[in-house]
Amino acid sequence: MRVPQRILLGPGPSTVDPRVLRAMATPLVGHLDPVFLEIMNEVMQDLRYVFGTENQLTFPMSGTGSAGMETVLVNLLEPGDHALICVNGVFGTRMCDIAERAGARVTRVDAPWGAPIDPADVKAVLERERVDLVAIVHAETSTGVLQPLEEIARMVREHGALFVVDAVTSLGGVAVDVDKRLIDACYSGTQKCLSCPPGLSPVTFGPRAEERLARRKRKVQSWYLDVTMISQYWGAERFYHHTAPISMMYALHEALQIVKEEGLEKREERHRTISRLFCEGLADLGLEPLVPEAYRSPMLITVKVPDGVDEARVRRFILNRFNIEIGGGLGDLKGKVWRVGLMGSSCTENNVILVLEALRQALEAERK
Ligand SMILES: Cc1ncc(COP(=O)(O)O)c(C=O)c1O
């Protein structure tokens, strides 16, 4: 294998700290080894810290962020349940697909791609009919919107539904605050602001979600993602469910140490400061973010492609000349934006200077 050393400034994965890579090379122990069980306990405890929760049921699922999404939805929904899914990008759309496959009746609340969900639209549905679960994406990686959660969370609680949040891109970058924000279930991924390779999906289930699990009439249709079974491996019983991905657990353990050493508040401040620096630099190049500052996610910025510029050619130029990966647009935004990720270890002033220079040269080449 010959793999170049890229600077990862796309929508994920982000740059992985050498400490995490070294942790992955640690010799394997068995997944029921007492040493490994202690590592599992520490991972659970540290995940509670980053999620901002006391939830007992907090652990990483084996699989990427989509496995976390599917875990939360297939465990909390049964055929005939009514799910309200907020859609303002690719990942809200994916949640609808999963909820429908789980047999739920899905009502969509849409917002234009690049805008946040309007709480009034959620309220209208909650007041019109009974809803069992409301799901929303915190940081929409396809659009760069950071969704305010508080007002929607309060309404969902008042109407007795469960509140599910996708924190795949936000966790470890900005506060998710599961307990404070009345979030009943939340999932994430390791490869964004936690700066770990992709492969695990941290999830957390609060007391109301646990109560819903206990009330299920039928078994979860997915054996692999059945949280009640998996919690017997992560809980006191330590029953074998599946062979845990040991090396990934080492990686997550080390990545969480790095997050703790910096502290969540400082980490959020860094993401916000560096992203502001990037946006100021964009203005100097005559470029513009898609999302207004009030709703712009600091860890993923969508940049409008100017008329007459070939979006894909710019990305190729930046990859070939600077070894920097940035992302292209997805779905409605295909060809219209670049997606620049400043996540976790990738979120540095140095990287901002580099990517701005790369963009400057790429745009100059376009004009020739
Ligand atoms: C907001 C959001 N949700 C879910 C996912 C799915 O995660 P994965 O690609 O790790 O399965 C992603 C991945 O980019 C994401 O950004």
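This report walks through the overall build of the chain, its two domains, and one strand with its neighbours.

## Overall build

You are looking at a predicted model. The chain contains 12 helices and 14 strands. Along the principal axes, its C-alpha atoms occupy a box of roughly 65 × 55 × 35 Å.

How does the radius of gyration of the chain stand against that of a compact globule? For 368 residues, such a globule would have a value near 21 Å, and the chain has 21 Å, so the two agree. Of these 368 residues, 48% count as buried. Contacts across the sequence are also worth a look: taking those between residues at least 6 apart, 72% join residues at least 24 apart.

## Two domains

The chain splits into domain 1, made of residues 7-12 + 264-367, and domain 2, made of residues 18-260. Between the C-alpha centres of domain 1 and domain 2 there are 27 Å. Their contact draws on 24 residues from domain 1 and 23 residues from domain 2.

Which elements give two or more residues to the side of domain 1 that touches domain 2? They are helix H10 (264-284) and strand S11 (300-304). H10 supplies the largest share of that side, with four residues. Sorted by class, the side of domain 1 that touches domain 2 holds 12 nonpolar, seven polar and five charged residues.

## Strand S3 and its neighbours

Now for a closer view of strand S3, which spans residues 82-87. Five of its six residues are buried, so S3 is largely enclosed by the rest of the structure.

S3 pairs with two strands that make good landmarks as you turn the model. Strand S4 (residues 105-110) runs parallel to S3 and is joined to it by six bridges. To get from S3 to S4, the chain passes through helix H4 (residues 90-101), and this β-α-β crossover is right-handed. Strand S5 (residues 133-137) is also parallel to S3, with three bridges between them.

## Isoleucine 85 as a reference point

If you would like one residue to centre on, try isoleucine 85, which has a partner in S4 and another in S5. Which residue of S4 is the bridge partner of isoleucine 85? That partner is arginine 108. In S5, alanine 135 stands opposite isoleucine 85.

Conventions
Residues numbered from 1 in each chain as written. Predicted model: local features only at pLDDT ≥ 70, side-chain atom pairs only at ≥ 80, totals over all residues. Buried ≥ 20, exposed ≤ 12 C-beta atoms within 10 Å, placed from the backbone. Pairing = 2+ DSSP bridges. Right-handed = clockwise from strand over helix to strand, strands pointing away. Rg over C-alpha atoms; globule rule 2.2 N^0.38 Å. Contact = placed C-beta atoms within 7 Å. Domains from an automatic or database assignment. Nonpolar A, V, L, I, M, F, W, Y, C, P; charged D, E, K, R; others polar.
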